[in-house]
Amino acid sequence: MCGIVGYIGKRQATGFLLDGLSKLEYRGYDSAGIAILEKDGPRVEKCMGRLDALRKKIEGRVPTGTVGIGHTRWATHGRPSDHNAHPHTDPTGKFVVVHNGIVENYLSLKEDMLAHGEQFSSETDTEVLAHLFANYYKGNMEDAVHRVLKTIRGSYSLAFMCAAEPDKIICTKKDNPLVVGLGKDENYIASDIPAIISSTRDTYIMNDGEIAIVTADGVKLTDLKGNPITKEIFKVNWNAEAAEKGGFEHFMLKEIYEQPKSIRDTMRGRVNGKTGKLNFTELNWNKDFLKDIHKIFIVACGTAYHAGIVGKCYIEQLAGIPVEVDIASEFRYRNPIVDKHTLTIVISQSGETSDTLAALREAKRLGSHTLGVTNVVGSAVGREADQVVYTYAGPEIAVASTKAYTTQLLVMLMLAIYMGNLKENLDSALSEDLVKGIVEIPELIHRQVESVDQIKVFARKYGSAEDAFFLGRGLDYAVALEGALKLKEISYIHAEAYAAGELKHGTLALIVQRVPVIVIATQEDIYDKTLSNIQEVKARDASVIAIGYEGDEKLAKYADHVIYIPRTGKYLAPLLSVLPLQLLAYYAALTRGCDVDKPRNLAKSVTVE
C-alpha cells in the first residue's frame with residue numbers, strides 16, 4: 001500500500017523523490033515525507049495529506065542533498081498525522097528509516113525501550129526500527145541492519161540511511177515489493193517500477209531475504225548472512241507513457257478504454273483464431289497431471305475473487321473439475337482440505353497481495369500444486385507459485401480494477417478450455433468456437449466504449465441514489481458482484497449484488513420506490529427466469545436498468561432502460577457485460593464529485609493483512 005522511493009547519485013534528490021512518490025499515488029496514502037542527507041545530517045520533511053501539502057511545506061526551503069529516501073504512508077499503526085508520517089528517525093535524528101508492512105513484535109520492543117528511558121514521537125511500529133538501527137550501530141551500517149532484521153518479526157520493505165555513512169542506502173524486503181533501479185553514477189530504490197521508469201529500465205526485483213547496499217557507483221547484493229549474491233537484471237519493457245493518463249480525465253477511464261489492447265496482449269501467443277487452438281507454453285501440464293487433480297481451489301481477494309467466481313463456472317462446465325472459490329483471508333485460517341490431488345489457483349493483479357500470498361504459501365505447505373495468475377512479472381506470486389500465467393494488462397494505476405479484471409476473466413476462460421482439451425472431455429467444436437469467439441472480443445469491447453452517452457445519462461439520473469442493487473443468474477450473477485463492487489468503491493453508493501433467485505428470501509424487503517436495480521440478462525438458458533425477477537422488483541416500483549444483447553426487444557418491455565452489448569456466447573458474455581458496469585460506476589462517481597482514481601480508505605496493492 002505505502003510507497004517507497006530512494007535516490008543516491010550526483011543530482012539533487014528532492015525533485016526525484018517527489019516525482020517518484022507522485023508515480024506511486026495510485027497505491028493509496030494518507031501522508032508523505034522525505035529525508036535528505038544534508039551537510040549537517042538528515043533533514044526530514046513530512047506531513048499529513050497529499051504530496052501537494054508536502055510541496056507547499058518545503059516551498060522556498062527545499063532540502064539540498066544528493067542522497068535521500070521518501071515515503072507515502074497508508075495508516076496501519078497510528079492515525080494519519082504529521083508525527084506518524086514517514087520517514088522516522090531515532091531521537092538524535094541521525095538514523096532514518098522508511099517502511100512498508102507491519103512489525104509484529106514492535107510493542108514488546110517498544111516497551112523494553114521505554115523501560116530504558118527512550119522517548120518516542122509517534123504511534124507507529126516503524127519508529128521502533130529507527131531506534132533499533134541507532135542502538136545497533138557500532139560503526140558498520142550493514143552490521144546494524146543485519147541485527148535489526150534478526151530482531152524483528154513481520155512483513156516489510158525497508159530502506160535505511162544514516163549520517164555516519166552518507167555514501168549508501170541499504171534496503172531489504174520480506175513479503176512486500178521492492179525494486180532497485182540501476183543508473184549511471186546514480187541508483188534508485190522504489191516499491192514499484194513506475195516510480196523510477198523515467199530514469200532507468202534496468203532493475204533488480206528484490207526477493208525476500210535479499211539486502212541491497214546501494215551507492216552512487218553500484219549495488220552490492222547479499223543474503224541475510226552477508227554472503228554476496230548475484231541477480232539477473234530485469235529490463236522493464238513498458239514505457240513511461242503507459243503510466244500517464246494519455247489525455248483521459250482519469251486513469252480509470254483510460255484503463256477502461258485500454259481493455260481491447262489488454263485482451264489482445266493477453267491472448268497473444270496463446271490463441272490461434274484460424275485453427276481454433278489454444279497453447280500455454282508456460283505450463284507443462286498433460287492429461288495425466290489433470291487426471292490426478294481431484295479438486296481446484298481458486299483463492300483471491302476483491303475484484304480478483306470475483307474473477308475467480310467466473311473461473312469456477314468456466315472450469316466446472318468446460319473441464320469437469322470441481323472447484324471451490326475462497327476469499328484468501330478466509331482460506332488461510334479455515335484449515336482447508338488440500339492435498340497433493342489439489343490444484344490451488346491464486347489470482348492477484350499486483351502479485352503482492354498479502355492475504356493471497358499467505359494462502360499460496362499455506363496451500364504449498366499442505367502439498368497442493370499451485371498456479372499463479374498475476375499481471376506483474378517478477379512479483380511474489382510469480383516467483384513463489386509452482387507455475388504462473390501472466391495477464392498482460394499493463395500498468396493499472398487506478399485503485400478500482402478494470403482491465404486487470406477482464407484479462408483475469410480471459411485467462412480463466414482460456415485455462416478452462418485448455419484443461420477441457422487436455423482431459424479430452426470438451427467437445428472439439430465448442431472449443432474451437434470459444435477460441436474463435438475470444439479473438440473477436442477486443443473489437444466488440446471497442447464498439448462498446450465508443451458509445452457511452454446513454455450510460456452518462458443513467459449515471460446523472462441515478463447518481464444521487466444512496467442504494468443500488470445488482471441482480472443476475474449464473475455467470476451474470478458473478479459479473480453483478482463485480483459491478484456492485486465498482487459502484488460502491490468509487491461512488492460510495494451502497495451497492496449489493498444478489499443471485500436473482502434469492503430475491504424472495506429476504507432481498508425484496510429492501511426494494512422500494514425508485515431504487516435503482518441493475519439486472520444482467522445474457523444467459524439465455526435462464527433468461528425467462530431473470531425476466532420474472534425483473535417483474536418482481538418492478539412490482540415494488542424499482543427503477544430497472546437491464547443489460548442484454550443487441551436485438552433483444554423483449555427485455556425493453558420489462559425494464560425501464562436497457563444497455564445493449566454485442567451478441568456473443570454465454571461464456572464470453574462476462575467479458576462484455578462488465579464494461580457498462582465499469583462505465584456506470586465511473587460516471588456515477590463523477591456525478592457525485594468523487595476522487596475516482598484514489599477512493600477514500602482504499603489502496604491499490606493491499607500488502608498488509
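Here are three short exercises on a predicted model, each with a worked solution.

**Exercise 1.** Work out how helix 4 and helix 5 are oriented to each other, and which residues make the contact.

*Solution.* Start with the geometry: helix 4 spans residues 126–136, helix 5 spans residues 141–151, and they pack at about 130° with axes 8 Å apart. That angle makes helix 4 oblique to helix 5, since over 145 degrees would be needed for roughly antiparallel. Next, handedness: helix 4 passes helix 5 in a right-handed crossing. Now look at who touches whom. Helix 4 brings L129, L132, F133 and Y136, while helix 5 brings M141, A144, V145, R147, V148 and T151. Sort the residues of this contact by class and you get eight nonpolar, one polar and one charged.

**Exercise 2.** Do the same for helix 1 and helix 2.

*Solution.* Helix 1 (residues 13–22) and helix 2 (residues 51–58) have axes that come within 11 Å and cross at roughly 165°. So helix 1 is roughly antiparallel to helix 2. Their crossing is left-handed. On the helix 1 side you'll find T14, L18, L21 and S22, meeting L51, L54, R55 and I58 of helix 2. The class tally for this contact is five nonpolar, two polar and one charged.

**Exercise 3.** Is N100 buried or exposed, and what does its side chain reach?

*Solution.* First, place it: N100 sits in strand 6, residues 95–103. Its relative accessibility is 1%, so N100 counts as buried; the cut-off is under 20%. Then follow the side chain of N100, which gets to the backbone oxygen of C2 at 3.0 Å. Leaving out residues up to four places away in sequence, N100 touches C2, G3, I4, H71, S155, Y156, S157, N176 and S191.

Definitions and conventions:
Residues numbered from 1 in each chain as written. Predicted model: local features only at pLDDT ≥ 70, side-chain atom pairs only at ≥ 80, totals over all residues. Heavy atoms only, no water. Axes fitted to C-alpha atoms, helices over the stretch in contact; angles between N-to-C directions. Helix = DSSP H or I, 4+ residues; strand = E, 2+ residues; numbered from the N terminus. Parallel < 35°, antiparallel > 145°, perpendicular 65-115°, else oblique. Left-handed = near helix turned anticlockwise from the far one by under 90°. Contact = heavy atoms within 4.5 Å. Nonpolar A, V, L, I, M, F, W, Y, C, P; charged D, E, K, R; others polar. Buried < 20%, exposed > 50% of the residue type's maximum accessible area, 1.4 Å probe, protein only. Polar contact = N/O pair within 3.5 Å; in protein donor to acceptor, adjacent residues only side chain to side chain.
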